[in-house]
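Trainee: Could you show me how to read one residue and its surroundings in a model, and after that a piece of sheet?

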Amino acid sequence: MITSAVTILLLIFGISFSIMWFVNKNNDTAQTKRTEETKQSSTEVVEESQTAQSNQDTSLKGQEKKIKDLIASMSLEEKVGQLFLARVPIEAQQESIQEYHLGGYLLFGRDIETATPDSLKEKISSYQKVSKIPLFIASDEEGGTVSRLSGGNGLVSEPFKSPMEIYQEAGLTGIRSDIQKKSEVLHTYGIHGGLFPDADVATDPEAFIYDRTLGLDAEKTSEYVKASVEELKKQKIASTLKHFPGYGDNRDSHVEIVYDTRDLETLRSNDFLPFKAGITAGTDSIMVSHNIVTSIDDTMPASISQPVHDLLRNELGFQGVIMTDDMDMAGLADFISQEEAGLAALKAGNDLILSSSFQEQIPYVLQGIEQGTYSEEALNQSVYRVLKMKSDLGLLKK
């Protein structure tokens with residue numbers, strides 16, 4: 001009786017053990033299969049990422065070679081011309097493009113105020129047709145008080161609002177939406193840059209630059225700049241941060257020489273922050289003001305100051321296009337002759353000159369190269385940056 005009971009218990013135990021072993025074996029098999037699938041999936045993700053990175057590296061190398069080959073084929077005069085974003089002359093507009101090999105045209109009110117949508121498209125198209133290298137066409141389109149197209153003859157369905165107004169109404173979502181709509185308009189006319197966003201931090205409503213800024217602190221301005229640069233990049237419109245090293249609450253350099261006496265630590269902890277945010281987001285260009293920032297260089301306007309440009313390159317790490325503000329403004333024009341200003345700006349570290357006097361400035365730059373005061377190596381570096389910006393915007397396809 002006892003023996004039978006023991007036998008039955010052993011039989012039950014054996015069956016249970018077999019079942020447990022079978023279940024565990026199945027679980028182990030399933031777990032192994034899941035682990036292998038996870039490893040395979042992870043491997044595929046890594047491989048896809050590596051492939052994407054490899055394709056991107058190959059694309060960048062291809063772009064670099066294309067640009068360097070183009071530079072190697074250019075004459076000295078053609079290379080110097082690329083560094084000038086010129087105000088459209090009243091006469092000989094197409095001839096000036098060909099004679100001076102200009103890098104682009106900057107549209108002002110007089111180029112737009114009598115234009116219709118069709119005539120503006122035709123005008124810009126006529127410029128491109130005579131240019132050996134595609135022109136970079138720009139127009140100040142910050143919105144609000146600074147918008148050339150808004151002052152035209154039905155060129156926009158309604159005037160572009162200022163960033164401050166848009167932000168107060170709809171925050172960063174409104175800013176992105178506005179850039180999308182604005183970019184569509186710019187593309188329609190063949191305009192590649194609107195010379196915005198304004199990265200200045202101004203909190204005094206009486207300050208000259210206040211209405212063109214967000215009117216808020218450095219943190220909020222940085223968020224605005226980051227969002228603007230990201231959206232402009234998506235829309236293939238050049239972004240331009242201005243006015244480095246930061247305008248602050250200073251006076252108007254359009255009409256007088258302006259001295260900014262704030263200390264460098266104040267600039268670093270406040271005004272530089274939106275520029276850093278824009279650089280991290282991948283901005284195409286940065287515009288330098290004509291203000292004399294005494295804590296960086298108390299002898300020269302920022303636009304022709306090498307210490308200011310060295311700081312932007314080395315401390316902030318910006319490797320894109322640095323451009324001057326309009327060289328015709330009193331803050332610079334009352335300091336140095338227009339003939340000398342273009343060369344001075346290039347020697348300081350600018351890549352692009354916003355020039356109303358290119359006819360005098362370009363020969364002076366060529367003379368400076370011949371005399372060795374401005375090196376062809378520095379020239380080639382600036383030409384590379386300008387052509388890369390054009391390439392990133394899709395302008396070097398032809």
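Mentor: Leaving aside neighbours within four places in sequence, aspartate 198 is in contact (heavy atoms within 4.5 Å) with Glu142, Ile209, Arg212, Thr213, Tyr224, Val225, Lys242 and His243. This is a predicted model, in which local features need pLDDT of at least 70 and side-chain atom pairs count only at pLDDT 80 or more, while totals for chains, interfaces and linings use all residues. Residues are numbered from 1 along each chain as its sequence is written, and side-chain values use heavy atoms, with hydrogens and water left out.

Trainee: Where does aspartate 198 lie?

Mentor: Helices are DSSP runs of H or I with at least four residues, and strands are runs of E with at least two, numbered from the N terminus. Aspartate 198 lies in the loop between α6 (163-189) and α7 (218-235).

Trainee: Which side chain of opposite charge is nearest to aspartate 198?

Mentor: Lys and Arg count as positive and Asp and Glu as negative, with His and the chain ends not counted, and a salt bridge needs a side-chain nitrogen of Lys or Arg within 4 Å of a carboxyl oxygen of Asp or Glu. The nearest is arginine 212, 4.1 Å away, and aspartate 198 has no salt bridge although it is buried (under 20% relative accessible area, 1.4 Å probe, protein chains only).

Trainee: How many bridges join strand β1 to β2?

Mentor: Two strands pair if DSSP finds at least two bridges between them. Three bridges join β1 (residues 84-87) to β2, and these strands run parallel; leucine 85 has glycine 104 in β2 as its bridge partner. β2 also pairs with β3 (residues 136-139) in the parallel sense, over four bridges, and leucine 106 stands opposite alanine 138 in β3.

Terms used. Buried means under 20% relative accessible area, exposed over 50%, partly exposed in between (1.4 Å probe, protein chains only).
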